[in-house]
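Reader: I have a model open on my screen and would like a close look at a single part of it. Could you walk me through how the parts of one chain meet?

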Amino acid sequence: MADLRELYQEVIFDHSKRPRNFHPIVDASRKAQGFNPLCGDKLTVYLKLNGEVIEDVSFEGCGCAISTASASLMTETLKGKTVQEVQHLFEAFHQAVTDDHARAHDELGKLQVLCGVREFPARVKCATLAWHTLQAALKEKQDTVSTE
Amino acid sequence: MKVAETAVLQDAGLERVGAHAWREDFPILRQKVHGRPLVYLDNAASSQKPEAVIDAEDRFYREYNSNVHRGVHTLSQVATDAYEKAREKIRKFINASSSREVIFTRGATEALNLVAQSFGRGRLKPGDEVIVSAMEHHSNIVPWQLVCKQTGAVLKVVPINDAGEFLFEEYLKLLGPRTRIVAVVHVSNALGTINPVKRIIEAAHAHNVPVVVDGAQAVPHVKVDVRELGCDFYAFSGHKIYGPTGIGVLYGREHLLDAMPPYQGGGDMIRTVSFVEGSTWNELPYKFEAGTPHIAGGIGLGVALDYVSAIGIEAIAAHEHDLLEYATGLVSEIPGLKIIGTAREKSGIVSFVMDHVHPHDIGTILDHQGVAIRAGHHCAMPVMDRFHIPGTARASFALYNTREDVDTLVAGIHKVKELFG
């Protein structure tokens, strides 16, 4: 159970059971849908941009504990950041959840609780779904993003 | 042979001893996963292989690997004999009239695509109808969607009830003057439902409509006699019945296969090839077997069927039914858990969802206790939509599973609850 606790930390349960920013944004400037065909996770990410700054970000959908918590933590982290800062964070986050030798990234803050998925290769896609969907929203892709 | 000795243990109590003996034939089951003895309950996705099948494949490559149907040399003759002997074993196993009706394919999926394209495409006209059920695997939906798009035919879907049962009255309403093909699953991989395929076929035949049966999930678990069923086509995969991956079977009535154009062109499927006169086709079943086949796979599948026959499909079905009853009883007592698929006629599949826990999380936590199940939509997204769920966790049984495996599963589910509070 020890390494299961690494994956399912309290913060993750907290965010999966009570996801933050879990609602649509009516006057969103961007939105995109993400889908993981492997497990059926579906979510929509809404963005409200003020120039290059993310004024508001939210999501809705249904998914496993990891994907829901990851989306929730992502929305909390991104508010007020610039698009460039978001890109940087995405790269750092992606590395942290996939690369065993990744150095600790202080800038990730709370997002670091998701690093446990490194030991669960089948679940990396759950942790990154919201982020890939966010990328699609930023790039204004119309098609649903798939993790496959 | 070890199985022959244990197969005779008919008494219910002794049968469980039988399963304990049978599992010894499967070397993969001796390992530990995450430090726990492997409990393999993902048999509906793919079953494990007995030593006899592994040996047969190994022996082919070590002792007589060569191409079939074309060599004058000894190895090619030995390989051809073994491959054709396997075809005959399959014929006998499903009780086809002739081995000309047994076509080797890559699996059930390719077999169904073959029927859709070779049989369906020439037969379907705009406005014609193909009937499938709401519980089909994607492999018995998408090939028909493709051929409908090519021909302008329309796909009609027989609904299912809340238990996951085929609604026969609704089916009868859909059968009509425009119906050209009925394609239906024998046993649902997502729900475990055993469909009344014999009645389904009789009703279709009353309208002169041929019936294609997807038997991928049925052949390993229930007795299949294609002549008794009266089906026109029957598809199944080797790897779900303890055989190799990459090999499967299409059974088809000889007169239908005879009238169908080839599915793929290439070597082995032709009689003559000429730039001047065009090409002519080989006889059945070779007309549908272009290119060098999965020879070791075919031979391995033959041995897998020998293995199953030595135990007896009825003994396997009885054992798996016992596991299903035992698991259903224990699992349905767990608060917050709901079984999806509660048909009266059911094969050894327990699909379930839990309050506040996604199937994917259930799968990860069980895996950590050595329990392999499937989590997701099981290639049956319309079934998930029907029950308004994103997916299920699914435990599926095979001949080597035991009540102890079920106990470990149930203990694992309690761990899930503990972890998720």
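Author: Happy to; what follows is a look at chain B and the place where its two domains touch. Please keep in mind that this is a predicted model. It scores ipTM 0.87 and pTM 0.92. Chain B has an average pLDDT of 95, and 96% of its residues score at least 70. One stretch to treat with care is residues 1-16 of chain B, where pLDDT stays under 50; the model has 27 contacts beyond four places in sequence for that stretch.

Now to the domains themselves. Domain 1 of chain B is made of two segments, 2-30 and 312-420, while domain 2 covers 55-309. Over C-alpha atoms, the centres of the two domains of chain B are 28 Å apart. Where they touch, domain 1 of chain B brings 22 residues and domain 2 of chain B also brings 22 residues.

Let us stay on the domain 1 side. Three elements of chain B supply at least two residues each to this side: helix H12 (313-331), strand S14 (349-354) and helix H14 (381-386). H12(B) gives the most, with five residues. By class, the domain 1 side of chain B that touches domain 2 has 11 nonpolar, six polar and five charged residues.

Chain B also meets chain A, in a contact that takes 14 residues from chain B and 13 residues from chain A. On the chain A side, nine residues are nonpolar, two are polar and two are charged.

Terms used
Residues numbered from 1 in each chain as written. Chains lettered and ligands numbered in written order. Predicted model: local features only at pLDDT ≥ 70, side-chain atom pairs only at ≥ 80, totals over all residues. Contact = placed C-beta atoms within 7 Å. Nonpolar A, V, L, I, M, F, W, Y, C, P; charged D, E, K, R; others polar. Domains from an automatic or database assignment. Helix = DSSP H or I, 4+ residues; strand = E, 2+ residues; numbered from the N terminus. pLDDT = per-residue confidence, 0-100.
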